[in-house]
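Please consider the structure shown below, with its sequence at hand. The paragraphs that follow lead through it element by element.

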Amino acid sequence: MFRNVVAIEHALGTGIIISSSVPIPQRVQKRIRAFVEEYESVLSRFRADSLVSRMACASADGDFEFPTWAGPLFALYSEFYAATHGAFDACIGADLLALGYNNSVKFVPESTVSASENSGSVSGGWANYRRALPVTWADISQDGGSATLHTNQPVQLDFGAAGKGYFVDLVTQIIKEELGSDSPADFDFLVNAGGDMRACFSEENNQIKVALENPFDTTQAVGVASIASGALCASSAARRRWKVKNASGFESNLIATHLINALDGIPACDLCASWAYVPSKTCDFPTAYADALATALFVSQESDLQKIVQTTSAEFAVISPNHALRKTCAFPAHFFVD
């Protein structure tokens with residue numbers, strides 16, 4: 001099905017792979033690579049020259065004008081912030097930095113951390129963790145839904161909860177715009193950014209099978225999804241895990257993950273993995289919504305997300321620490337465990 005591959009290494013920290021049934025023209029590849037640079041120069045908190053980093057170093061207040069393409073991403077964050085009562089928030093960048101998630105962090109795999117080391121519950125090792133209340137997404141104002149953000153103090157934004165999925169949608173738009181009517185009738189392609197993927201098929205019944213990683217053993221799959229035109233994204237506590245250092249710089253017995261609940265600044269621990277599928281025909285940015293939903297399931301109640309799920313026709317599945325699986329009836333996957 002996909003005989004042609006374009007790989008952009010290290011893009012967005014994970015790399016991007018575009019697989020297609022016909023070759024992607026060089027001019028399109030060049031535009032995508034240029035957009036990778038533009039996207040990171042705006043939203044990456046790991047780049048000192050990015051707009052997000054300039055916001056973190058700002059004076060008391062300021063207006064920050066983002067590219068127009070950032071507007072829908074801000075709207076999505078506002079939607080999920082409201083739905084989760086503040087648990088899903090781009091302002092968790094300060095929490096991630098306080099826990100040690102910066103350019104020098106060294107991730108540890110799930111298999112190297114024993115249950116006794118990983119005090120995942122608030123009643124465990126995290127009970128004594130305290131952080132100052134950060135700026136929240138509600139404290140950042142937008143002018144009439146524009147892409148300009150106004151802040152009254154420095155703020156460390158992190159768009160990792162949906163930014164990669166949103167990028168996949170924008171790359172998908174670029175490919176469709178560039179090829180347009182020039183593409184052959186059987187032109188199919190898949191954009192994959194570190195596991196956040198969107199499939200575009202010329203035939204409604206076409207599908208691709210995707211292995212779903214087992215969060216308890218990342219060398220194995222826990223199921224297989226069959227994806228039609230749409231987006232599949234996942235979040236997992238088995239990825240991007242690191243040992244927290246105390247004020248003296250020594251490693252503590254706490255293991256942090258990137259899945260932060262913005263209400264308390266503590267890594268979410270009620271789930272081990274989540275998957276979300278959003279069909280392309282239900283919204284303009286299905287990968288962004290699938291990416292955000294996969295994260296929001298970690299930090300919020302499923303009931304809070306029902307309006308978003310219904311609007312986007314999303315399907316999802318989650319696995320708890322006790323290996324219990326819950327999924328919506330039409331989630332397009334077969335799991336090897338019940």
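Does H323 count as buried, exposed or partly exposed? The coordinates belong to a predicted model, and in that model H323 has a relative accessibility of 47%. Because the band called partly exposed lies between 20% and 50%, H323 counts as partly exposed. The residue sits in the loop between strand 16 and strand 17. Its backbone also deserves attention: the phi of H323 is near 75°, a positive value in a residue other than glycine.

The two strands that flank this loop run antiparallel, and three bridges join strand 16 (residues 315-319) to strand 17. Within the pairing, V318 stands opposite R326 of strand 17. Both strands belong to an open sheet of eight strands, whose order is 1-2-6-7-10-15-16-17 and whose pairing is antiparallel. The edges of the sheet are formed by strand 1 (4-8) and strand 17 (325-327), each of which pairs on one side only. On average, and with direction ignored, neighbouring strands of this sheet are turned by 10° against each other.

At the other edge of the sheet, the loop between strand 1 and strand 2 contains H10. This histidine, too, has a positive phi although it is not a glycine, the value being about 65°. The relative accessibility of H10 is 66%, so the residue counts as exposed. Helix 1 (residues 26-43) lies across strand 1 and strand 2 (16-20), and its direction makes an angle of about 25° with strand 1.

Further along the chain comes helix 2 (residues 51-56), which includes S53. With a relative accessible area of 9%, S53 is buried. Apart from neighbours within four places in sequence, S53 is in contact with S44, R45, R47 and A48.

The next topic is the packing of helices. Helix 3 (residues 71-83) and helix 6 (residues 286-299) pack at an angle of about 30°, and their axes are 11 Å apart. The two helices are therefore roughly parallel to each other, since angles under 35 degrees fall in that class. The crossing of helix 3 past helix 6 is right-handed. On the side of helix 3 the contact is made by L76, E79 and F80, and on the side of helix 6 by A288, Y289, A292, L293 and A296.

Helix 6 also holds A290, a buried residue with a relative accessible area of 0%. Once neighbours within four places in sequence are set aside, A290 is in contact with A231, C233, A276 and V278. A290 and Y166 are 124 residues apart in sequence, yet their C-alpha atoms are 9.4 Å apart in space.

How many residues of helix 5 are buried? The helix, residues 163-179, reaches 24 Å from its first C-alpha to its last, close to the 24 Å expected for its 17 residues at 1.5 Å a residue. Of these 17 residues, 13 are buried, so helix 5 is largely enclosed by the rest of the structure. Just after the helix, G180 takes a positive phi of about 50°.

A final stop is N214, which lies in strand 8 (residues 208-214). Its relative accessibility is 12%, and N214 therefore counts as buried. Not counting residues up to four places away in sequence, N214 touches Q220, A221 and V222.

Definitions and conventions:
Residues numbered from 1 in each chain as written. Predicted model: local features only at pLDDT ≥ 70, side-chain atom pairs only at ≥ 80, totals over all residues. Heavy atoms only, no water. Helix = DSSP H or I, 4+ residues; strand = E, 2+ residues; numbered from the N terminus. Expected span 1.5 Å × (residues − 1). Buried < 20%, exposed > 50% of the residue type's maximum accessible area, 1.4 Å probe, protein only. Contact = heavy atoms within 4.5 Å. Pairing = 2+ DSSP bridges. Axes fitted to C-alpha atoms, helices over the stretch in contact; angles between N-to-C directions. Parallel < 35°, antiparallel > 145°, perpendicular 65-115°, else oblique. Left-handed = near helix turned anticlockwise from the far one by under 90°.
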